[in-house]
Amino acid sequence: MATTTKKRELDLSEFPAGTVTEYTTLVCLACIFDIFTKQLGLAPRTAFSEIKRHAPTIEELTSRQATRPYFDSEEKHPHCPYCGSARRWQARFDTYCIEGGKTTDAARRALIKKLPRADEQFLVIEKKSDSRVVFFEWLDTLGLNADFNDDMWPIEATRKYLERREPKTNWDEAFAELRAVRRSSRLSEGWERDDARLFLAPGLYSEAILIQYLVSRSHTHGGLTLEGRLTLVELIRRLRYSGYLDQIGITERDPGEVFEKLIDHLAGKHEWSEAEVRTGSGSDRVKRSKKATRKSTKKRAKSRQTKPTQPQPDEIIAEPVKLHYLIDRRDFLEKVKSVYASYAA
Ligand SMILES: [Zn+2]
């Protein structure tokens with residue numbers, strides 16, 4: 001069965017960019033066997049059948065800080081940080097988090113249908129989430145993979161944002177050999193390429209700046225954008241003067257409130273996929289749905305109103321999003337078997 005390694009990777013090409021997040025974590029089987037035999041006092045044979053059934057939690061598989069017996073390593077021949085065991089004692093879990101929704105549902109069902117069923121080689125776990133959590137997770141991943149010393153990173157962040165916003169466009173082509181992203185003074189919507197420059201309509205450009213700010217603000221002082229280093233107040237001032245706040249209906253004056261509204265707007269991905277920038281169908285039916293959720297949360301927000309200038313976490317208008325986690329246990333099952341064989345011998 002060792003020859004099957006080539007077919008290991010799942011084909012995710014049917015999913016729009018930015019809708020699937022991949023996580024890889026290593027697990028030390030020596031540590032697991034140790035827990036089951038020494039701490040729980042099970043015989044090796046019993047431990048083996050228990051371990052085979054082991055289903056890690058989503059948190060264990062996707063957390064940035066892994067805990068025993070899980071660990072992360074970039075090394076080619078990593079050693080277990082807890083017991084020092086070598087590679088043959090380690091197994092890999094690959095986890096795919098697929099954002100539920102119109103653009104991914106069909107592809108997800110087709111993918112799951114093709115997966116082998118025996119021995120629970122794959123697990124599918126659903127988790128309810130919302131647009132804000134998903135958005136911040138997405139920003140976080142973007143920040144972790146960004147090289148802030150590279151001048152190209154704001155352009156790369158812009159591209160990631162556009163891919164998320166308009167998954168049907170071929171952004172590979174639009175960004176090929178690109179040197180600069182600029183605000184267009186001609187376009188009122190969409191984008192155009194001119195030599196090595198990409199021109200974005202003012203609204204899109206404002207959102208690109210916002211994304212750059214959000215990705216970099218936790219890594220640097222203020223946010224780094226194509227417009228230079230900006231504080232939140234400076235950023236909001238720019239967005240106001242450029243007409244962007246009016247355009248998306250933000251009338252608040254308080255920076256904290258404006259910021260919260262901006263996040264809701266950016267996180268509300270369902271608006272985008274339904275009201276696509278250039279195909280432009282049904283752009284106003286989506287706006288309504290938010291209000292209903294808002295009413296129910298408002299009561300709680302009021303009773304806690306202590307500092308009116310702070311963003312109110314209870315006033316969040318988030319859309320529900322379903323996350324589908326696909327856990328690949330194949331490597332784990334194989335390694336457990338071979339480790340047990342040497343363990344029992
Ligand atoms: Zn270990």
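The paragraphs below go through a predicted model, beginning with its zinc site and continuing with a helix contact and the aromatic rings.

The zinc ion takes its protein donors from the SG atoms of Cys28, Cys31, Cys80 and Cys83, which lie 2.3 Å from the metal. Because the four donor atoms subtend angles of 105 to 113° around the zinc ion, the arrangement is tetrahedral, the criterion being that all angles lie between 85 and 135 degrees. For orientation, the ideal angle for four tetrahedral donors is 109.5 degrees. Along the sequence, the donor residues follow the spacing C-x2-C-x48-C-x2-C. Within this set, Cys31 and Cys80 link distant parts of the chain, being 49 residues apart, with Cys31 in helix 1 (residues 29-39) and Cys80 in the loop between strand 2 (70-71) and strand 3 (90-99). Cys31 and Cys80 are both buried.

A further link across the sequence involves Lys52, a residue of helix 2 (residues 44-52). Lys52 counts as partly exposed because its relative accessibility is 32%, a value in between the limits of 20% for buried and 50% for exposed. Once its neighbours within four places in sequence are set aside, Lys52 is in contact with Arg329, Phe332, Leu333 and Val336. For Val336, the separation from Lys52 is 284 residues in sequence, whereas the C-alpha to C-alpha distance is 6.9 Å.

One of these contacts of Lys52, Phe332, leads on to the aromatic rings, since ring pairs link Phe332 with Tyr70 and Phe93 into a cluster. Over the whole structure, a search finds eight aromatic pairs. Among them is the pair of Phe135 and Trp138, which is stacked, with 6.0 Å centre to centre and 20° between the planes. Phe135 and Trp138 both belong to helix 5 (residues 131-145), where they are three residues apart, about one turn of the helix, and both of them are buried.

The pair of Trp171 and Phe175 is edge-to-face, with a centre-to-centre distance of 6.2 Å and an angle of 65° between the planes. Here too the partners lie in one helix, in this case helix 7 (residues 171-175), with four residues, about one turn of the helix, between their positions. Trp171 and Phe175 are both buried.

Returning to Trp138, its ring has a charged group as well as an aromatic partner to consider: the charged end of Arg164 sits over the ring of Trp138, at 5.0 Å from the ring centre, while Phe135 forms the stacked pair with Trp138.

How values were computed
Residues numbered from 1 in each chain as written. Predicted model: local features only at pLDDT ≥ 70, side-chain atom pairs only at ≥ 80, totals over all residues. Heavy atoms only, no water. Donors = N, O, S within 2.8 Å, 3.2 Å for Na, K, Ca; no water. Tetrahedral: all angles 85-135°; square planar, octahedral: opposite > 155°, others 65-115°. Helix = DSSP H or I, 4+ residues; strand = E, 2+ residues; numbered from the N terminus. Buried < 20%, exposed > 50% of the residue type's maximum accessible area, 1.4 Å probe, protein only. Contact = heavy atoms within 4.5 Å. Phe/Tyr/Trp six-rings, centres within 6.5 Å; stacked < 30°, edge-to-face > 60°. Lys NZ or Arg CZ within 6 Å of the ring centre and 35° of its normal.
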